[in-house]
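The exercises below concern helix packing and side-chain exposure in a predicted model. Please work through each task with the structure open before reading its solution.

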Amino acid sequence: MSPNQHSQHAQRRPALISELAVRAQQTDWDENGPFKYFLRLAERYRKDAKEAVARGDLEEAFVAFARSASIVLEKLPSHRDYHTSLTNTQRHNLTLVRYFHDTLV
């Protein structure tokens, strides 16, 4: 980040959680899309979030983690290929993730 970008970033107010949540809802989700594509998309968002944390961009990290979580916890289980594309063990692991997510939220 250049000094000018850093000073601009430091001068603006932090985004509200509600603003970040709106940004996080803007994904490439299409329930008719290929299941494996959405698995890769969730993983890409997770990697983007980790990179944003490393850069210190916590707002972007929040948005990317939220996008990844939304795909994995909310959208994939309703995808038409959910039961045919994953093994029983993989579905069980996602169920555990959803369980722990729900108990923490």
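**Exercise 1.** Determine how helices H2 and H4 are oriented to each other, and state the handedness of their crossing.

*Solution.* Begin with the geometry: helix H2, covering residues 17-24, packs against H4 at an angle of about 50°, and the two axes are 9 Å apart. Angles from 65 to 115 degrees count as roughly perpendicular and those under 35 as roughly parallel, so H2 and H4 are oblique to each other. The crossing of H2 and H4 is right-handed.

**Exercise 2.** Carry out the analysis for H3 and H4, starting from their axes.

*Solution.* Helix H3 spans residues 35-55, and its axis comes within 8 Å of that of H4, with a crossing angle of roughly 160°. Because angles over 145 degrees count as roughly antiparallel, H3 is roughly antiparallel to H4. The crossing of H3 and H4 is left-handed.

**Exercise 3.** Classify Phe 65 and Leu 76 as buried, partly exposed or exposed, and place each residue in the model.

*Solution.* Take Phe 65, which lies in helix H4 (residues 58-75). Its relative accessible area is 37%, and since the partly exposed class lies between 20% and 50%, Phe 65 is partly exposed. Together with Val 53 and Leu 58, Phe 65 makes a nonpolar surface patch of about 280 Å².

Turn next to Leu 76, found in the loop between H4 and helix H5 (82-85). Leu 76 has 0% relative accessibility and therefore counts as buried. Leu 76 is 45 residues from Glu 31 in sequence, while their C-alpha atoms are 8.8 Å apart in space.

Technical notes:
Residues numbered from 1 in each chain as written. Predicted model: local features only at pLDDT ≥ 70, side-chain atom pairs only at ≥ 80, totals over all residues. Heavy atoms only, no water. Patch = residues over 30% accessible without salt bridge, like charges linked within 9 Å, V, L, I, M, F, W, Y side chains within 5 Å. Areas by Shrake-Rupley, 256 points an atom, 1.4 Å probe, with all protein chains shown as cover. Salt bridge = Lys/Arg side-chain N within 4 Å of Asp/Glu carboxyl O. Helix = DSSP H or I, 4+ residues; strand = E, 2+ residues; numbered from the N terminus. Buried < 20%, exposed > 50% of the residue type's maximum accessible area, 1.4 Å probe, protein only. Axes fitted to C-alpha atoms, helices over the stretch in contact; angles between N-to-C directions. Left-handed = near helix turned anticlockwise from the far one by under 90°.
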